[in-house]
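Open the model in your viewer and keep the sequence panel beside it. The stops below say what to select and what is there.

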Amino acid sequence: MLYQKINNHPALFAPVEGKWIDKAFEYFKEKNLLYFYTDSHIGKVEDLLIKKVFFKRKGDKFVNAVAEFVNIINENPTIYRLKDNENVKGKYYYGFKNLKLIKQPIKLNSLEYFRSEKKLRNDTPGVCLIKEP
């Protein structure tokens with residue numbers, strides 16, 4: 001019997017306004033760690049082995065950027081935030097590094113929620129856990 005290897009690793013998925021992705025790429029020209037905030041209920045992620053964060057520009061139907069996940073914290077790391085955004089408060093702050101464009105964008109409807117067979121929709125409102133594609 002053949003067994004198909006299924007990737008069941010968790011990853012973060014973040015729908016973000018395009019201007020913040022653009023600013024993040026500029027930020028990484030000089031620095032190597034950045035935190036975005038979220039009010040999504042993702043506090044339990046510190047117990048999981050997450051390696052990547054996948055970004056989708058709001059309004060797009062595909063994921064076009066990926067970064068290495070660093071950690072999630074509750075305190076605002078103001079020195080690792082985008083200029084003029086450092087004091088915006090959130091429930092959680094997720095850190096990432098090595099932000100890159102994805103050469104072959106990933107269709108949003110091909111992604112699934114972590115621990116579920118449910119597909120993501122274009123109106124997914126905030127940061128959530130997905131199965132790493």
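Select F13 and, facing it, C128 in strand 6. Strands here are DSSP runs of E with at least two residues, numbered from the N terminus. This is a predicted model, in which local features need pLDDT of at least 70 and side-chain atom pairs count only at pLDDT 80 or more, while totals for chains, interfaces and linings use all residues. Residues are numbered from 1 along each chain as its sequence is written, and side-chain values use heavy atoms, with hydrogens and water left out.

Stay on F13 and add F54, its bridge partner in strand 3. Now widen the selection to the strands themselves. Strand 1 pairs with strand 6 (residues 128-131) in the antiparallel sense, over four bridges. With strand 3 (residues 52-57), strand 1 runs parallel, joined by five bridges. Strands count as paired if DSSP finds at least two bridges between them.

Next, colour strand 1 by accessibility. How many of the seven residues of strand 1 (residues 10-16) are buried? Seven of the seven are, so the strand is largely enclosed by the rest of the structure. Buried means under 20% relative accessible area, exposed means over 50%, and partly exposed is in between (1.4 Å probe, protein chains only). In a regular strand, side chains alternate between the two faces of the sheet. On one side of strand 1, select P10, L12, A14 and V16; on the other, A11, F13 and P15; all are buried, so both faces are covered.

Move on to the aromatic rings. The whole structure holds eight aromatic pairs. Rings of Phe, Tyr and Trp (its six-membered ring) pair if their centres lie within 6.5 Å; planes under 30 degrees apart are stacked, over 60 edge-to-face, and the rest tilted.

Select Y27 and F28: this pair is edge-to-face, 5.5 Å centre to centre with 90 degrees between the planes. Y27 is buried at 10% relative accessibility, and F28 is buried at 17%. Then take F36 and F96, whose ring centres are 5.1 Å apart and whose planes meet at 75 degrees, so this pair is edge-to-face. F36 is in strand 2 (residues 34-38) and F96 in strand 5, 60 residues apart, so the pair links distant parts of the chain. Both F36 and F96 are buried.

Add Y94 in strand 5 (residues 92-107). Y94 is buried, at 2% relative accessible area. Show Y27, F28, F36, F55, Y94 and F96 together: ring pairs link them into a cluster.
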